[in-house]
Amino acid sequence: MSLSLTFIGLVYYTAILSTTYISAWNKEDSNNYSNAIEGLNIKGIHPTAPTLLAFWERDCRECEDNIRYFSKLPSSVRAYGVYLKEENITFPQLQKEWFTLKPGTSQLLYDDTELLQTSFRVRGGPVVYLILPKEKALYSYFGKIEDNHEKLREIINSAN
């Protein structure tokens with residue numbers, strides 16, 4: 001009896017603390033799309049093409065893998081890495097770290113006011129959002145993009 005309870009506890013503990021995420025590209029409702037666009041507009045970003053935002057943190061392997069994946073995106077997609085606020089890093093230090101990830105032609109956004117985190121309802125990484133402005137659609141994904149890149153490509157291709 002105690003062995004089976006130990007096994008169940010171990011499985012539960014592993015599932016809760018695992019860094020492997022099970023996710024799918026989820027289409028968000030129109031309110032979430034409006035909030036997201038409003039936050040981006042305040043930051044001076046006005047999506048006119050498919051736009052991918054990867055929220056990331058330092059020392060998050062999946063977050064960094066998502067940023068590295070930017071170089072594999074079709075040229076029609078604009079990509080941004082949104083850095084989640086951390087007290088003990090300066091923007092120049094962050095930029096240096098950003099470029100070591102080889103993010104292709106993407107841009108780094110430092111969300112120091114947490115405006116984008118609030119607009120997109122992000123509490124931590126790795127979270128990715130795909131904005132399709134022509135369709136006024138917003139998709140979210142929690143985890144490592146490469147694990148679900150075919151679905152991402154299907155969604156992007158359906159918008160073109």
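Let's start with the disulfide between C60 and C63: the torsion about its S-S bond is about 70 degrees, so this disulfide is right-handed. The two sulfur atoms sit 2.4 Å apart. If you look for C60 and C63 on the surface, you'll have a hard time, as C60 is buried and C63 is buried too. And how many disulfides does the count come to? One. Please keep in mind that what we have on the screen is a predicted model.

Now let's step back to the overall layout. The protein has six helices and six strands. Follow the chain along its sequence and you read the pattern α-β-α-β-α-β-α-β-α-β-β-α. There are 160 residues in the protein, and buried residues make up 45% of them. Here is another way to see how the chain folds back on itself. Take the contacts between residues at least 6 apart in sequence: 75% of those join residues at least 24 apart.

Next, the inside. The largest nonpolar core has 30 residues, and W25, L52, W56, F70, L73, L130 and L152 are those with the most contacts inside it. Which elements each supply at least two residues of this core? They are β2 (51–56), α3 (61–69), β3, α4 (91–100), β4 (107–111), β5 (127–132), β6 (137–142) and α6 (149–159). The largest share, four residues, comes from α6.

Let's zoom in on one member of that core, L130. Leaving aside residues up to four places away in sequence, L130 touches W25, T51, L52, A137, L138, Y139, L152, I155 and I156. There is also a second core, separate from the one we just saw, with 18 residues, including Y80, F120, I131 and L138.

You may have noticed L138 in both of those last lists, as a neighbour of L130 and as a residue of the second core. L138 is going to come back once more, so let's move on to the empty spaces.

How many cavities of 30 Å³ or more does the structure hold? One. The space in this largest cavity is about 30 Å³. Its lining is made of N32, A36, S119, F120, R121, Y129 and L138, and the elements giving two or more residues to that lining are α2 and α5 (115–120). Sorted by class, the cavity lining has four nonpolar, two polar and one charged residues.

Let's pick N32 from that lining. Where is it? N32 sits in helix α2, which covers residues 30–42. Is N32 buried or exposed? Its relative accessibility is 13%, and the cut-off for buried is under 20%, so N32 counts as buried. Not counting residues up to four places away in sequence, N32 touches R121 and L138, and both of these partners also line the cavity.

Finally, the open spaces. The largest pocket holds about 190 Å³ of space. It is lined by 14 residues, and V77, R78, A79, T105 and S106 lie nearest its centre. Which strand gives the largest share of this lining? That's strand β3, residues 78–84, with three residues. By class, the pocket lining has seven nonpolar, six polar and one charged residues.

So if you'd like to explore the model yourself, here is a little route. Begin at the disulfide of C60 and C63, go on to L130 in the largest core, visit N32 at the cavity, and end at the pocket around V77 and R78. Thanks, everyone!

Technical notes. Residues are numbered from 1 along each chain as its sequence is written. This is a predicted model: local features need pLDDT of at least 70, side-chain atom pairs count only at pLDDT 80 or more; totals for chains, interfaces and linings use all residues. Side-chain values use heavy atoms; hydrogens and water are left out. On a 1 Å grid over the protein atoms alone, a cavity is a set of points where a 1.4 Å probe fits but cannot get out, and a pocket is an open set with protein on both sides within 12 Å along at least five of seven lines; lining residues have an atom within 4 Å of a point. Grid points are joined across faces, edges and corners, and a volume is the space filled by probe spheres set on the points. Ala, Val, Leu, Ile, Met, Phe, Trp, Tyr, Cys and Pro count as nonpolar, Asp, Glu, Lys and Arg as charged, and the others, Gly among them, as polar. A nonpolar core is a set of buried Ala, Val, Leu, Ile, Met, Phe, Trp, Tyr and Cys residues joined through side-chain atoms within 4.5 Å. Buried means under 20% relative accessible area, exposed over 50%, partly exposed in between (1.4 Å probe, protein chains only). Contact means heavy atoms within 4.5 Å. A disulfide is a pair of cysteine sulfur atoms within 2.5 Å.
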